[in-house]
Amino acid sequence: MSLRRLAAPAALIASAALLAACTSNAPEETADTANGGGNAGVAAGANDEPGETVTIGFSAPAADHGWMGAITSAAEDEAAKFEDVDLQVAEGTNDVNLQISQVETFINDGVDAIVLLPFDGAALTEVATEAMEAGIPVINVDREFSRPEAARVTVLGDNYGMGRSAGQYVCERLEGQEDAVIAEIAGIDNLPLTQDRSQGFADALGECGLEVSNRVAADFTVQGGESATANLLQAAPEIDAIWNHDDDQGVGVLAAIENAGRDEFFLVGGAGSKNMMDKIKAGDSVVEATVIYPSTQAADGIRLARLLAQGKAMGDLVEVEVPRLVQLHAPVVTADNVDQYLPTAFQS
């Protein structure tokens with residue numbers, strides 16, 4: 001396993017301020033039962049002060065597209081803000097067995113916390129549970145484990161909410177067009193996150209009497225997006241709206257659209273890349289909107305891992321324990337609000 005240690009310069013930020021939303025799905029009785037979580041005796045203001053140095057292990061899939069690259073960079077940047085965080089970054093991998101071995105190494109090394117974005121949540125559940133049973137709090141990011149006891153905290157984007165946001169935008173744009181042809185370009189179909197996005201989209205469309213007429217699945221890559229979209233455009237000679245789940249594969253989606261010479265529809269993206277936001281702002285393409293899927297999830301995971309490892313609570317909450325679930329919002333970016341979101345957009 002390849003590890004990079006990131007030593008942090010002296011810079012301290014209140015750890016709860018940047019968490020967009022959080023809910024607790026189960027109260028903890030004591031710090032001991034939470035496997036390293038929380039300390040009721042810590043005052044909120046103590047989060048601003050350096051504590052005992054903690055070692056946090058971080059593992060994520062390979063940064064083979066813009067969103068995943070931004071996830072890892074944001075985690076590293078966040079850790080660098082704290083002089084009391086020693087971040088060990090495992091080499092990004094899409095090999096499930098290798099990622100399992102990375103977590104096993106973190107356990108054997110006795111790290112204080114693990115922030116884990118699994119390539120496959122179900123496949124990493126067992127080893128994450130082993131870490132929790134060893135007293136190491138695990139922060140599960142983005143792709144959920146199959147059992148809740150595998151993580152002390154789960155940080156998620158709102159995949160179902162993404163689909164609903166996209167669907168509601170399409171409903172508003174196509175109001176009154178009962179026979180509208182709507183296409184969907186999904187990501188990796190066997191991932192629960194893709195299934196949740198599609199379900200949210202279908203549910204929102206159903207509420208305004210619309211449905212998906214043509215659906216294809218890509219793989220979150222430029223090549224996959226281009227190939228899937230080419231097939232879609234050949235199968236559907238007329239389309240009114242397209243929702244593309246992922247802005248990274250959207251680069252290929254737009255290439256296929258340009259190659260086909262099609263522009264009779266509008267397109268809604270997903271994730272919130274700078275590329276798509278630039279097109280939204282320019283107003284000279286089929287891209288009208290994108291739905292945010294925050295690339296800050298692992299950065300929030302680093303903050304939460306630090307709190308848990310140091311036995312601290314979240315200063316902005318009355319609750320004395322760090323919540324079990326943090327789910328981030330999925331707003332729609334249009335020409336009306338794009339300037340608000342461009343500063344935190346990632347590059348595809």
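**Salt bridges, aromatic pairs and a charged surface patch**

The side chains of Arg-262 and Glu-264 meet in a salt bridge, with an N to O distance of 2.7 Å; a salt bridge is defined as a side-chain nitrogen of Lys or Arg within 4 Å of a carboxyl oxygen of Asp or Glu. The model is predicted: local features need pLDDT of at least 70, side-chain atom pairs count only at pLDDT 80 or more, and totals for chains, interfaces and linings use all residues. Residues are numbered from 1 along each chain as its sequence is written, and side-chain values use heavy atoms, with hydrogens and water left out.

Burial was assigned from relative accessible area (buried, under 20%; exposed, over 50%; partly exposed, in between; 1.4 Å probe, protein chains only). Arg-262 counts as buried because its relative accessibility is 15%, whereas Glu-264, at 30%, is partly exposed. Salt bridges that share partners join Glu-78, Lys-81 and Arg-303 into one network. Within this network, the side chains of Glu-78 and Lys-81 meet at 3.2 Å, N to O. Glu-78 is buried, with a relative accessible area of 6%, and Lys-81 is partly exposed at 27%. A further salt bridge is formed by Arg-152 and Glu-321, whose closest N and O atoms are 3.5 Å apart. Arg-152 lies in the loop between β5 (138-141) and β6 (153-156) and Glu-321 in the loop between α9 (297-309) and β12 (325-327), so this pair ties together parts that are 169 residues apart in sequence. Helices (H or I, at least four residues) and strands (E, at least two) are DSSP runs, numbered from the N terminus. Arg-152 is buried at 2% relative accessibility, and Glu-321 is buried at 6%. In the whole structure, 13 salt bridges were found.

A search for aromatic contacts over the whole structure gave three pairs. Rings of Phe, Tyr and Trp (its six-membered ring) were paired if their centres lie within 6.5 Å, with planes under 30 degrees apart counted as stacked, over 60 as edge-to-face and the rest as tilted. Tyr-169 and Phe-266 form an edge-to-face pair, because their ring centres are 6.1 Å apart and their planes stand at 80°. Since Tyr-169 belongs to helix α4 (residues 159-173) and Phe-266 to strand β10 (residues 266-271), the pair ties together parts that are 97 residues apart in sequence. Both Tyr-169 and Phe-266 are buried. The pair of Phe-201 and Trp-243 is tilted, at 5.0 Å centre to centre and 45° between the planes. Phe-201 is located in helix α5 (residues 192-207) and Trp-243 in strand β9 (residues 241-244), so the parts tied together are 42 residues apart in sequence. Phe-201 is buried at 0% relative accessibility, and Trp-243 is buried with a relative accessible area of 0%.

Gly-69, in helix α1 (residues 66-79), is buried with a relative accessible area of 18%. Gly-69 and Gln-347 are 278 residues apart in sequence, and their C-alpha to C-alpha distance is 9.0 Å.

At the surface, Glu-104, Glu-126, Glu-130 and Glu-133 form a negative patch. Patches are made of residues with over 30% relative accessible area and no salt bridge, like charges being joined within 9 Å and nonpolar side chains (Val, Leu, Ile, Met, Phe, Trp, Tyr) within 5 Å. Helix α3 (residues 121-133) gives the most to this patch, with three residues. Glu-133 is placed in helix α3 and counts as exposed at 65% relative accessibility.

How values were computed:
Accessible areas come from the Shrake-Rupley method with a 1.4 Å probe; for residues, only the protein chains shown count as cover. Lys and Arg count as positive and Asp and Glu as negative; His and the chain ends are not counted. The place of a charge is taken as NZ of Lys, CZ of Arg, CG of Asp or CD of Glu.
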